[in-house]
Amino acid sequence: MTPTQPPRRRSLLPLLLLACLVLAGCGGASAGGGSGSGRAAAPGTGDGTAVKGASTTRAASTTRTASTTRTASTTRTASTTRTGATTRTGATTRAGAQAGPRFRGEIVRGGDAVRSRVRHSWRRGCPVGPGELRLLRADYWGFDRRVHQGELIVHRDHARRILVVLGKLFKAGYPIQRLRLVDAYRADDDRSMAANNTSGFNCRRVSGSSSWSEHAFGRAIDLNPLRNPWVTRGGRVSPPAGRPYANRARRAAGMIHANDLVVRAFAAAGWRWGGYWSGSKDYQHFSSTGR
Ligand SMILES: [Zn+2]
C-alpha cells in the first residue's frame, strides 16, 4: 500500500534545528513537531501530557536528522513510567534528511478515567467493567496529512501493546480519518463506521447475533471502517457507503491489505486481521482472539 507520508519542509529544517540549539528551547515534541508538520492543536500537547492524579504511561518514537542511533528508557516517579525510543536516521545530504514530529501517546490509568467516557458504550451486565478498560490518547496522521490527537479505549491487558501499534502506524505515516471514542456517536456502530471512525471498545453484540462482540471485551479495533468495510459471504457491505472499497484491488489512503504495515504492526502485538477470515471478511477488524 502507499500510505500518506508526513509532510516535510526539508529546506527549513536545518534553520529550525539551529534555532532550537540557539534558543535551547526546543525540548520534546517541538523540535520535530513544530517544523511545519501541521500538528493540529490538541489538548495536552507538549511533554506535560500526563494526567494529574493518574498513573500515566507514555511511549514515544521520533525520527530525526542525525547520524546516530539511540534508544533510551527512563523510569521516573512511582506514579509515572515513561519509555522513549528515539531513532535517528543518518543523513549526510539534505536529500536524505527526514524529519517528522515525535509520536506522543499515553495510557490514562484508572476506571474513573474511563467511566465518564463510556456512558453510552457501557452498561451493567457488560462482560468487562470500566475498571478493566484503559483510555489511550495518541497522535495520528489524519487524511488531511496533519497530526491530530485521538482517543481509543481497549482492555487494560492490551493497552500498552496497542499504544505501540499506534506508534508504528504513526511512524509509517499510515493515515486514520478519525480516532474518536464510539460514545461520540452514542455508541452507534453504524454511525461510527459511516464516519470512517476508528474505535475499539463498545459493549455490543455481534451484528445479527446474540453473542458479545470482541469489542465488548475491549480486545478488538475497527480501523478506517468505511475504507475497510465488513463484507459478508452474501455480499452485504457494512457500512453501506463503504461499498466502493469492497473491491480490495483498490489502493486508497487508509485501506488495509494482506501483510501490509498495518497488518504486520497488529500481528507483532499478537492481534489478527479480519481480512484473513474465510467467508465473510471484516477488513476493518483486528482482535487479540482472531474472532
Ligand atoms: Zn470490529
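A residue is counted as buried here if 20 or more other C-beta atoms lie within 10 Å of its own. With that cut-off in hand, strand E5 is a good place to enter this predicted model. The strand spans residues 133–141, and 9 of its 9 residues are buried. Both of its faces are covered: Leu133, Leu135, Arg137, Asp139 and Trp141 are buried on one side, and Arg134, Leu136, Ala138 and Tyr140 are buried on the other.

Before going further into the fold, a look at the whole chain is helpful. The chain has 291 residues, of which 42% are buried. Its secondary structure comes to 6 helices and 14 strands. Among contacts between residues at least 6 apart in sequence, 64% join residues at least 24 apart. The predictor's confidence has a mean pLDDT of 76 over the chain, and 65% of the residues reach 70 or more. Two stretches call for some care in reading. Over residues 1–38 pLDDT stays under 50, and the model has 60 contacts beyond four places in sequence for this stretch. Residues 40–97 also have pLDDT under 50 throughout, with 93 contacts beyond four places in sequence.

Returning to E5, its partner strands can now be added to the picture. Strand E4, residues 103–108, runs antiparallel to E5 and is joined to it by 4 bridges. Within this pairing, Ile107 stands opposite Leu136 of E5. Strand E6 also runs antiparallel to E5, and here 9 bridges join the two. E5 and E6 form a hairpin with 5 residues between them, and in the turn Arg145 has a positive phi of about 65°. Across the hairpin, Arg137 stands opposite Glu151 in E6.

Glu151 itself makes a useful contrast with the covered strand beside it. This residue lies in E6, which covers residues 147–155. Glu151 has 17 other C-beta atoms within 10 Å, so it falls short of the 20 needed for a buried residue and is partly exposed. Beyond its neighbours within four places in sequence, Glu151 is in contact with Leu135, Leu136 and Arg137, and also with Leu179, Arg180 and Leu181. Val182 is 31 residues from Glu151 along the chain, and the C-alpha atoms of the two are separated by 9.7 Å.

Ile153, another residue to follow, leads into the interior. Leaving aside neighbours within four places in sequence, its contacts include Leu133, Arg134 and Leu135, as well as Val114, Leu181, Phe201 and Gly218. The largest nonpolar core has 47 residues, and Leu136, Ile153 and Leu166 touch the most other members. Two or more residues of this core come from each of E4, helix H3 (111–115), E5, E6, H4, E9 and H6. The greatest share is given by H4, with 7 residues.

Helix H6, residues 261–268, is one of the elements around this core. Its residues Val262, Ala265 and Phe266 are buried. These three cover an arc of only 95° around the axis, which puts them on the same side of H6. This fits a familiar pattern: an α-helix has 3.6 residues a turn, so residues three or four places apart point the same way. The buried residues of H6 pack against helix H4 (159–172), E12 and E14. Just after the helix, Gly270 takes a positive phi of about 85°.

The two strands that H6 packs against, E12 and E14, belong to an open sheet of 3 strands. This sheet has the order E9-E14-E12, with antiparallel pairing. Strand E9 (220–222) and strand E12 (272–273) stand at the edges with a single partner strand each, so one side of each is left without a neighbour in the sheet. E12 is joined by 2 bridges to strand E14, residues 285–287, and the two run antiparallel. In this pairing, Arg272 has Ser287 of E14 as its bridge partner.

A final stop is Gly100, found in the loop between strand E3 (80–89) and E4. Gly100 counts as buried because it has 22 C-beta neighbours inside 10 Å. Lys171 is 71 residues away from Gly100 along the chain, yet the C-alpha atoms of the two are separated by 8.4 Å.

Notes. Residues are numbered from 1 along each chain as its sequence is written. This is a predicted model: local features need pLDDT of at least 70, side-chain atom pairs count only at pLDDT 80 or more; totals for chains, interfaces and linings use all residues. A residue is buried if 20 or more other C-beta atoms lie within 10 Å of its own, exposed if 12 or fewer, and partly exposed in between; C-beta atoms are placed from the backbone. Two residues are in contact if their C-beta atoms, placed from the backbone, lie within 7 Å. Two strands pair if DSSP finds at least two bridges between them. pLDDT is the predictor's confidence in each residue, from 0 to 100. The arc is that of the directions from the helix axis to the C-beta atoms. A nonpolar core is a set of buried Ala, Val, Leu, Ile, Met, Phe, Trp, Tyr and Cys residues joined through C-beta atoms within 7 Å.
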